[in-house]
Amino acid sequence: MIYVIIGLLLVAVIAWGYNSLTRMRNVVSNAWADIDVQLKRRAELIPNLVETTKGYSSFEREVLEDVTTARAQTTDAGLGPGAKAAADDKLASRVNQIMAVVENYPELKASANFLRLQDELGKTETTLASARQYYNAAVRDFNTMQSQFPLGLLASIFGFHKSEFFSVDTEGERQAPSARF
């Protein structure tokens with residue numbers, strides 16, 4: 001009788017642990033999807049920004065080409081959090097180049113389309129920053145669960161793996177981008 005009770009308790013602990021790990025893995029996946037949605041939203045705004053600025057014939061073509069190339073890299077669905085973060089940083093840097101060059105074109109800065117795009121990009125950046133924070137918090141919690149007893153044992157038995165944080169690697173990437181409008 002005691003063995004049956006111990007066996008049932010063991011099964012209950014295993015089921016609880018497995019379900020907890022599965023729930024956190026799903027939270028991490030959902031949080032990553034939220035980041036991906038915001039990255040795609042920003043990537044969709046970029047062609048509009050490029051087209052709006054192309055209308056000014058003397059606008060630097062090289063800057064626009066760099067933005068287009070960087071945008072293509074961020075839309076690669078096969079990238080993990082680390083590679084996506086690097087591509088995202090490169091795109092942000094290129095967009096900041098556009099914003100810096102825009103200073104030389106007062107009529108572009110006053111364009112209603114450009115102002116609307118500027119506002120949309122700002123909102124998207126704010127939402128993206130929140131999504132990154134949430135994702136990293138979910139990853140922290142999921143990875144912590146896998147480091148604790150007895151969930152760590154269950155995680156290794158059932159093939160759970162720690163998730164990767166969405167982070168920047170170089171000091172230059174850590175600096176806040178500056179956009180002057």
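**Chat: aromatic pairs and a nonpolar patch**

User: Hi! Where does Ile157 sit?

Analyst: Hello! Ile157 has its place in helix H6, and this is a predicted model, by the way.

User: Noted. Is Ile157 buried or exposed?

Analyst: Ile157 is exposed, because its relative accessible area is 62% and the exposed class starts over 50%.

User: What nonpolar surface patch does Ile157 help to make?

Analyst: One of about 730 Å². Its members are Leu10, Ile14, Tyr18, Phe149, Leu153, Ile157 and Phe158.

User: Nice. Which helices supply at least two residues each to that nonpolar patch?

Analyst: Those are H1, spanning 2-54, and H6, spanning 151-157. H1 gives the most, with three residues.

User: Phe149 is on your list of patch members. What kind of peptide bond joins Phe149 and Pro150?

Analyst: A cis one, with omega at about 0°. As for Pro150, look in the loop between helix H5 (112-147) and H6.

User: Switching to rings. How many aromatic pairs does a search of the whole structure find?

Analyst: Five aromatic pairs turn up. One of them is Tyr18 with Phe158, an edge-to-face pair with 4.9 Å centre to centre and 65° between the planes.

User: Why does that pair tie together parts that are far along the sequence from each other?

Analyst: Because Tyr18 lies in helix H1, whereas Phe158 is in the loop between H6 and helix H7 (171-174), the pair ties together parts that are 140 residues apart in sequence.

User: And how accessible are Tyr18 and Phe158?

Analyst: Tyr18 has a relative accessible area of 33%, so it is partly exposed. Phe158, at 39%, also counts as partly exposed.

User: What about Trp32 and Phe166, how are those rings arranged?

Analyst: Their centres are 5.9 Å apart and the planes are at 40°, so this pair is tilted. Trp32 is in helix H1 and Phe166 is in the loop between H6 and H7. That pair links distant parts of the chain, 134 residues apart.

User: Are Trp32 and Phe166 buried or exposed?

Analyst: Both Trp32 and Phe166 are buried.

User: Last one: which residues form the aromatic cluster with Tyr18?

Analyst: Phe142, Phe158 and Phe160 join Tyr18 in one aromatic cluster. To tie things up, Tyr18 and Phe158 also belong to the nonpolar patch.

Conventions: Residues are numbered from 1 along each chain as its sequence is written. This is a predicted model: local features need pLDDT of at least 70, side-chain atom pairs count only at pLDDT 80 or more; totals for chains, interfaces and linings use all residues. Side-chain values use heavy atoms; hydrogens and water are left out. Patches are made of residues with over 30% relative accessible area and no salt bridge: like charges are joined within 9 Å, nonpolar side chains (Val, Leu, Ile, Met, Phe, Trp, Tyr) within 5 Å. Accessible areas come from the Shrake-Rupley method with a 1.4 Å probe; for residues, only the protein chains shown count as cover. A salt bridge is a side-chain nitrogen of Lys or Arg within 4 Å of a carboxyl oxygen of Asp or Glu. Helices (H or I, at least four residues) and strands (E, at least two) are DSSP runs, numbered from the N terminus. Buried means under 20% relative accessible area, exposed over 50%, partly exposed in between (1.4 Å probe, protein chains only). Rings of Phe, Tyr and Trp (its six-membered ring) pair if their centres lie within 6.5 Å; planes under 30 degrees apart count as stacked, over 60 as edge-to-face and the rest as tilted.
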